[in-house]
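Trainee: I have a structure open on my screen and I'm not sure how to start reading it. Could you walk me through it?

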Amino acid sequence: MGKFKPGDRVRVRAEDRPGHIRTPFYIRGKVGTVERVHGEFLNPELLAYGRDGLPKRVLYLVSFNQKEIWEEYGGSPKDRLYADIYEHWLEAAQHKV
Amino acid sequence: MSGHDLPSTGHEHPHPKHELGPFARRVYAIRELLIEKGVLSGEEIQQQVRFMEQRTPANGAKLVARAWVDPDFKARLLANPKAACAEMGIDATSINEFVVLENTEKVRHLVVCTLCSCYPRPILGRPPDWYKSFNYRSRAVNDPRGVMREFGSELPEDVEVRVHDSTADIRYLVLPLRPPGTQGMSMEELAKLVTRDSLVGVVDPLPTKARS
């Protein structure tokens, strides 16, 4: 199911648009690793406006190195951030960052 | 019964503080409209309120305590949390997808929802106010160790901190580490060590010495 599989490097789209979006601003444009394919879910960007949420979107658990998100991150270099991101917000990352 | 013997404040009868904020007023207005238009009945709303009030962190504590004493249950809880909840008589059916995050000596998990206040309500009930605060939601993602320190846990550098930003349909519950020195304790005793905050991951369960 879906375009990506666990282990794939993906980049969160650096898009910005008005409306209900479930992709936090701070990870847009960042590269992470797919950890898990959660499954298909109704699209919350449509549900928020009383629409049917179809077609369903594949949702992924994606992890990021904290130091790649926050330049001044003060914790351990091992620390990671995990977020659930819908497929239409992800693109294949061609190169490592 | 008379207030006349009390020193006068110039205002003898205190008014009850029932002034509603703008959000509360909006909620009451929406509730009245829903009832008026026949979308929901007052009884249905009350039922849902009762249902939510019955959900407390004690449910999460029961799950964790059993996972600590029963390795087969722990395996089932990690593999299929909703089925494990059903086994314990906890109704998790309204959650789309439920994931349990297992803490280890080398990995600690912390749950936040930066976009709003997503929380495993069907299991734990309402989230604490701090969980919904702007301060927690912004700092949990970029300074999780600082947040945990404020809750009382100082984590060594070689422990990996994994922050889960609960951005979509998935609800997360942390399975904390069983505290040392708890061998021989019953499930009921163990459940008392599992605080709500340890289920969100900001702290470990209570050390046994805290409960004599």
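Mentor: Sure, let's begin with the parts list of one chain. Chain A has two helices and five strands, and along the sequence they follow the pattern β-β-α-β-α-β-β. Keep in mind that this is a predicted model.

Trainee: What radius of gyration does chain A have, and what would a compact globule of 97 residues have?

Mentor: The idea is to compare the chain with a rule for globules. For 97 residues, the rule gives a radius of gyration near 13 Å for a compact globule, and chain A has 14 Å, so the two agree. Along its principal axes, the C-alpha trace of chain A spans about 40 × 30 × 20 Å.

Trainee: And what share of the 97 residues in chain A is buried?

Mentor: Buried residues make up 28% of them. You can also look at contacts along the sequence: in chain A, of the contacts with a separation of 6 or more, 59% are between residues 24 or more positions apart.

Trainee: Something odd now. Which peptide bond in chain A is cis?

Mentor: Start with the general picture: most peptide bonds are trans. Here, the bond from Leu54(A) to Pro55(A) is cis, with omega near -5°. You'll find Pro55(A) in the loop between α1 (44-47) and β3 (57-65) of chain A.

Trainee: Let's go to where the chains meet. How many residues of chain A are in contact with chain B?

Mentor: For the general idea, the size of an interface is often given as the accessible area lost when the parts come together. Here we count residues instead: 23 residues of chain A are in contact with 20 residues of chain B. On the chain A side, the elements giving two or more residues are β2 (31-41) and β4 (80-86). The largest share, seven residues, comes from β4(A).

Trainee: What kinds of residues are on that side of chain A?

Mentor: By class, the side of chain A that touches chain B has 12 nonpolar, six polar and five charged residues.

Trainee: Which strand of chain B does β4(A) pair with, and is the pairing parallel or antiparallel?

Mentor: To read a pairing, look at the partner strand, the sense and the bridges. β4(A) pairs with β3(B), residues 160-165, in the parallel sense over four bridges. Across that pairing, Arg80(A) has Arg162(B) as its bridge partner, and Tyr82(A) stands opposite His164(B).

Trainee: Does β3(B) have a partner in its own chain too? Which residue stands opposite Glu160(B) there?

Mentor: β2(B) pairs with β3(B), in the parallel sense over six bridges. In that pairing, Val107(B) is opposite Glu160(B). As for cover, five of the six residues of β3(B) are buried.

Trainee: Let me zoom in on Arg162(B). Is it buried or exposed?

Mentor: The trick is to count neighbours, with 20 or more other C-beta atoms within 10 Å as the cut-off for buried. Arg162(B) has 22, so it is buried. Leaving out residues up to four places away in sequence, Arg162(B) touches Arg80(A), Tyr82(A), Val107(B) and His109(B). Arg162(B) and Val111(B) are 51 residues apart in sequence, yet their C-alpha atoms are 8.6 Å apart in space.

Trainee: Can I try a contrast? How many C-beta atoms lie within 10 Å of Arg66(B)?

Mentor: Arg66(B) sits in helix α3 of chain B, residues 57-69. There are 19 other C-beta atoms within 10 Å, so Arg66(B) counts as partly exposed. Again leaving out residues up to four places away in sequence, Arg66(B) touches Phe73(B), Met88(B) and Met187(B).

Trainee: Last one: helices. Which residues of α8(B) are buried?

Mentor: With a helix, ask which way the buried residues point. In α8(B), residues 134-142, the buried ones are Tyr136(B), Ala140(B) and Val141(B). They cover an arc of only 110° around the axis, so they lie on the same side of α8(B). On the other side, Phe134(B) and Asn135(B) are exposed.

Trainee: And what do the buried residues of α8(B) pack against?

Mentor: They pack against β4 of chain A, together with β2, α7, α9 and β3 of chain B. That brings us back to the pair of strands from before: β4(A) and β3(B), in the parallel sense.

Key. Residues are numbered from 1 along each chain as its sequence is written. Chains are lettered from A and ligands numbered from 1 in the order in which they are written. This is a predicted model: local features need pLDDT of at least 70, side-chain atom pairs count only at pLDDT 80 or more; totals for chains, interfaces and linings use all residues. Two residues are in contact if their C-beta atoms, placed from the backbone, lie within 7 Å. Ala, Val, Leu, Ile, Met, Phe, Trp, Tyr, Cys and Pro count as nonpolar, Asp, Glu, Lys and Arg as charged, and the others, Gly among them, as polar. Two strands pair if DSSP finds at least two bridges between them. The radius of gyration is taken over C-alpha atoms; the globule rule is 2.2 Å times the number of residues to the power 0.38. A residue is buried if 20 or more other C-beta atoms lie within 10 Å of its own, exposed if 12 or fewer, and partly exposed in between; C-beta atoms are placed from the backbone. The arc is that of the directions from the helix axis to the C-beta atoms.
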